[in-house]
Amino acid sequence: MDNKLGFKPIPMAVAVALTLLIWFVIPVPQGVTPNAWHLLALFVGVIAAIIGKAMPIGALSILAIMLVAITKVTVPELDPEGNPIKNPATVAIKDALSSFGDPLIWLIGISIMISRGILKTGLGSRIGYYFISLFGKKTLGIGYSLAISELILAPVTPSNTARGGGIIHPIMKSIAGSFDSDPEKGTQSRIGKYLALVNYHSNPITSAMFITATAPNPLIVDLIAKATNSDIHLSWGTWAVAMLVPGLAAMFLMPLVLYLFFPPEIKETPNASQFAKDKLQELGPMNRGEKIMLGIFAILLLLWAGIPAMIFGKAYAVNPTTTAFLGLSLLLLSGVLTWQDVLTEKGAWDTVTWFSALVMMASFLNKLGLIAWLSKLLESGIGGMGMGWVGAVTLLLLAYMYAHYIFASTTAHITAMLSAFYAAGLALGAPPMLYALLLASSSSIMMTLTHYATGTSPVIFGSGYTTLGEWWKAGFIMSVVNLAVFVVIGGVWWKVMNYW
């Protein structure tokens with residue numbers, strides 16, 4: 001019988017100690033209610049446990065739901081009319097489970113299930129090899145082929161790990177292997193190192209370009225909407241249009257920048273194009289599943305972009321989450337996916353669970369006034385420097401993004417920091433839409449930084465094509481380039497679009 005604990009003792013001890021310290025030792029600050037402070041204690045403990053990987057994030061989320069329900073930290077003593085709350089335990093569990101009804105959470109969960117079809121049918125591999133067959137005569141062309149393939153898959157692959165690590169990475173390794181570029185042979189510099197870096201650094205850029213390109217993006221939408229009382233609610237189409245120009249610019253520059261700093265030994269690759277053509281020949285004609293998947297892919301993009309509503313009017317608008325359910329239903333009806341496929345898509349169910357828990361805690365921190373209090377602290381600290389909103393936003397943006405060096409989860413980082421940083425920037429005079437888009441894009445750009453920054457990074461770094469120093473160097477360089485692109489080109493584009 002296995003008697004091992006279900007958690008790592010040291011990280012869990014640290015998380016518990018932080019929770020108890022905030023709850024019992026640090027006095028409740030003036031202007032903060034005890035309930036808000038106690039919820040912050042639980043929240044800090046959960047985030048610390050996530051960072052320390054004390055347990056899988058889904059398991060920690062179950063603990064978080066239990067703790068919020070059992071401590072009743074979301075339940076006030078009196079209702080709005082001044083009467084004692086009836087059945088506070090019932091109210092507490094309803095609060096703890098409240099985010100399971102959030103459509104944005106189900107948008108990502110269902111979209112992950114849909115992306116299973118891209119893997120199962122082989123459509124993702126076909127797309128990758130197709131572009132390499134077109135542009136693969138030079139190493140730089142292979143780099144752009146990988147980037148384009150990543151971009152095409154991004155709108156319907158909310159697991160950036162599945163996209164970059166599960167679909168594109170095996171293709172990249174096949175191409176590198178065809179040139180005998182193998183870390184085990186010490187020949188990774190021939191072509192593999194460069195392609196591995198392009199493979200990885202495509203991932204953060206595409207993640208920034210669509211709400212459905214990485215799991216935490218709907219969380220950003222939700223936090224920004226709550227911070228502005230729904231004055232800013234980024235739709236799928238608005239996000240995609242806003243990120244299109246800076247995203248394409250960043251995607252164009254990325255292979256060139258990496259080529260400059262990490263030049264491959266092999267520059268000409270005429271065999272790569274033929275290799276990809278041979279792979280396509282092995283795959284044969286598009287099968288029934290691929291054709292159906294491609295058709296559903298097109299339907300999802302049209303509905304998410306709001307095309308029917310643009311042509312026929314608002315009566316034909318379809319909610320993005322409804323669209324995702326439509327896509328999954330069509331895959332099930334057509335037999336491309338079975339219900340067993342859906343049940344075994346553990347990442348989707350895991351995402352729904354931990355997103356619901358974290359969104360719930362973040363929402364109640366906001367409702368209880370803790371976020372407003374934290375943002376005022378930031379506002380007073382930065383406002384005293386007298387640098388104006390441009391300087392304040394610059395400082396906040398840099399602090400927010402480079403804090404990711406201490407986070408191993410983008411979701412934990414966003415949940416912990418975005419609301420307070422956004423509210424502080426607004427208080428210091430930042431244009432709401434401009435600052436929202438800058439924070440949204442930097443929430444993906446920060447994935448470039450380390451070999452533990454997001455789920456894709458350990459997959460590609462673990463294949464051994466780069467040293468740790470090379471990975472961190474490339475990450476910092478690309479973080480600067482990408483941030484500059486989104487600030488400058490993005491800022492101009494958003495001005496043209498009258499977003500600020």
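Is Asn 229 buried or exposed? At 67% relative accessibility, Asn 229 counts as exposed. The legends below describe close-up views of a predicted model.

**View 1. Two loop residues with positive phi, Asn 229 and Lys 53.** Asn 229 sits in the loop that joins helix 10 (217-227) to helix 11. Its phi is positive, about 55°, although Asn 229 is not a glycine. Lys 53, also a residue other than glycine, has a phi near 55°. Lys 53 belongs to the loop between helix 2 (34-51) and helix 3 (57-71). With a relative accessibility of 47%, Lys 53 counts as partly exposed, because the partly exposed class lies between 20% and 50%.

**View 2. Helix 7 and its cover.** Helix 7 comprises residues 139-153. For its 15 residues, a rise of 1.5 Å a residue gives an expected span of 21 Å, and the end C-alpha atoms are 22 Å apart, which agrees. The helix is mostly covered, with 12 of the 15 residues buried. Among the buried residues are Thr 139, Gly 141, Ile 142, Gly 143 and Tyr 144 in the N-terminal part of the list, and Ser 149, Glu 150, Leu 151 and Leu 153 further along. Tyr 144 has a relative accessibility of 19% and therefore counts as buried, the limit being under 20%.

**View 3. The aromatic pair Tyr 144 and Phe 252.** The structure holds 19 aromatic pairs. In the pair shown here, the ring centres of Tyr 144 and Phe 252 are 6.1 Å apart and the planes meet at 35°, so the pair is tilted. Tyr 144 is in helix 7 and Phe 252 in helix 11 (residues 236-261), so the contact ties together parts that are 108 residues apart in sequence.

**View 4. The stacked pair Trp 236 and Trp 304.** The two rings lie 5.7 Å centre to centre, with 25° between their planes. Trp 236 is in helix 11 and Trp 304 in helix 13 (residues 288-304), so this pair ties together parts 68 residues apart in sequence. Trp 236 is buried, at a relative accessible area of 6%. Trp 304 is buried as well, at 4%.

**View 5. A cluster of aromatic rings.** Tyr 402, Tyr 405, Tyr 452, Trp 472 and Phe 476 are linked into a cluster by ring pairs.

**View 6. Ala 215 beside Asn 160.** Ala 215 lies in the loop between helix 9 (192-209) and helix 10. Ala 215 is buried, with a relative accessible area of 10%. Its C-alpha atom is separated by 7.7 Å from that of Asn 160, although the two residues are 55 apart along the chain.

**View 7. A nonpolar surface patch that includes Ile 10.** The patch covers about 810 Å² and is made by Ile 10, Val 14, Val 16, Leu 18, Leu 20, Leu 21, Phe 24, Val 25 and Ile 26. Ile 10 is placed in helix 1 (residues 9-25). With a relative accessible area of 66%, Ile 10 is exposed.

**View 8. Domain 1 and domain 2.** Domain 1 takes in residues 1-97. Domain 2 is assigned in two segments, 103-226 and 233-346. Taken over C-alpha atoms, the centres of domain 1 and domain 2 are separated by 37 Å.

Technical notes. Residues numbered from 1 in each chain as written. Predicted model: local features only at pLDDT ≥ 70, side-chain atom pairs only at ≥ 80, totals over all residues. Heavy atoms only, no water. Helix = DSSP H or I, 4+ residues; strand = E, 2+ residues; numbered from the N terminus. Expected span 1.5 Å × (residues − 1). Buried < 20%, exposed > 50% of the residue type's maximum accessible area, 1.4 Å probe, protein only. Patch = residues over 30% accessible without salt bridge, like charges linked within 9 Å, V, L, I, M, F, W, Y side chains within 5 Å. Areas by Shrake-Rupley, 256 points an atom, 1.4 Å probe, with all protein chains shown as cover. Salt bridge = Lys/Arg side-chain N within 4 Å of Asp/Glu carboxyl O. Domains from an automatic or database assignment. Phe/Tyr/Trp six-rings, centres within 6.5 Å; stacked < 30°, edge-to-face > 60°.
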